[in-house]
Amino acid sequence: MNQNEFVQLISPFKDKVFRLAKRLLISTEEAEDATQEVWVKLWNKNKSLDGFNSVEAFAMTMTKNYCLDQLKSKRAGNIKIVHNNFTDNQPSLDKKVEDIDSLNWVENIINQLPEQQRLLIQMRDIEQYEFAAIAEITNMNETAIRVALSRARKTIRESMTKIHSHGIK
């Protein structure tokens, strides 16, 4: 296996390896070191990687084991296990409810837009189509699409501002 084939093999899960190392080691620098160490070990085993059912699972196991070894070692005395430093980054229940409510308001406002603006908002902002693709589908000029989108977004923004500042539509 050459270097390009190796890079193609690990590319789909390289971020997962880093995130696991970061979760276990907390320190970004330590996680980067762990990730590099796993890649070196995988590269050294590149001739036998075909024998594994899942190279990704093997890499994740290697990452976990390496990180746990680092946590146990004396030179990692300043690293703490994640569970001791865990803080909940999840939004509070009232924030979730507020977000859902806002999304419902936006959906209602979009449904009240003229059909063309509603279609353009759906295609561009929700489905993430490029302007060229929208122009081809709708037989509209890209400039006209941009203007219509701008007007639709302005209507949505003004309606949401009115709702949030007054509490009602």
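How many aromatic pairs does the count come to? Three, and we'll visit two of them on this tour of a predicted model.

**Stop one: a tilted pair.** Select Phe-13 and Trp-39. Their ring centres sit 6.0 Å apart with the planes at 55°, so this pair counts as tilted. The two residues come from distant parts of the chain, 26 residues apart: Phe-13 is in the loop between α1 and α2, while Trp-39 belongs to helix α3. Both Phe-13 and Trp-39 are buried.

**Stop two: a stacked pair.** Now pick Phe-52 and Phe-58. Here the ring centres are 4.1 Å apart and the planes meet at 20°, so the pair is stacked. Check the surface around each one: Phe-52 is partly exposed, at 32% relative accessible area, whereas Phe-58 is buried, at 18%.

**Stop three: helix α3.** Go back to Trp-39 and select the helix around it, residues 28-44. From first C-alpha to last, α3 reaches 24 Å, close to the 24 Å expected for its 17 residues. Colour Ala-31, Ala-34, Thr-35, Val-38, Trp-39 and Leu-42, the buried residues of α3. They cover an arc of only 135° around the axis, which puts them on the same side of the helix. The pattern makes sense: an α-helix has 3.6 residues a turn, so residues three or four places apart point the same way.

What do these buried residues of α3 pack against? Show α1 (3-10), α2 (14-25) and α4 (55-72), and you have the partners. Then spin the view to the face turned away from the buried side, where you'll find the exposed residues Glu-29, Gln-36 and Asn-44.

While α4 is on screen, click Asn-65, which is found in that helix. Asn-65 is partly exposed, with a relative accessible area of 37%. Draw a C-alpha to C-alpha distance from Asn-65 to Val-38: you should get 10.0 Å, for residues 27 apart in sequence.

**Stop four: the largest nonpolar core.** This core has 17 residues, and Leu-120, Ile-121, Ile-145, Leu-149 and Ile-156 touch the most other members. Helices α6 (93-112), α7 (115-126), α8 (131-138) and α9 (142-166) each give two or more residues to it, with α9 giving the most, seven. Another core, of twelve residues, lies apart from this one; Phe-6, Val-17, Leu-49 and Val-55 are among them.

Zoom in on Ile-145. Beyond its neighbours within four places in sequence, Ile-145 is in contact with Leu-120, Phe-131, Ile-134, Ala-135, Thr-138 and Met-140.

**Last stop.** Keep Phe-131 selected and add Arg-146. Arg-146 lies over the face of the Phe-131 ring, 3.9 Å from its centre.

Key
Residues are numbered from 1 along each chain as its sequence is written. This is a predicted model: local features need pLDDT of at least 70, side-chain atom pairs count only at pLDDT 80 or more; totals for chains, interfaces and linings use all residues. Side-chain values use heavy atoms; hydrogens and water are left out. A nonpolar core is a set of buried Ala, Val, Leu, Ile, Met, Phe, Trp, Tyr and Cys residues joined through side-chain atoms within 4.5 Å. Buried means under 20% relative accessible area, exposed over 50%, partly exposed in between (1.4 Å probe, protein chains only). Helices (H or I, at least four residues) and strands (E, at least two) are DSSP runs, numbered from the N terminus. Contact means heavy atoms within 4.5 Å. The expected span of a helix is 1.5 Å times one less than its number of residues. The arc is that of the directions from the helix axis to the C-beta atoms. Rings of Phe, Tyr and Trp (its six-membered ring) pair if their centres lie within 6.5 Å; planes under 30 degrees apart count as stacked, over 60 as edge-to-face and the rest as tilted. A charge sits over a ring if NZ of Lys or CZ of Arg is within 6 Å of the ring centre and within 35 degrees of the ring normal.
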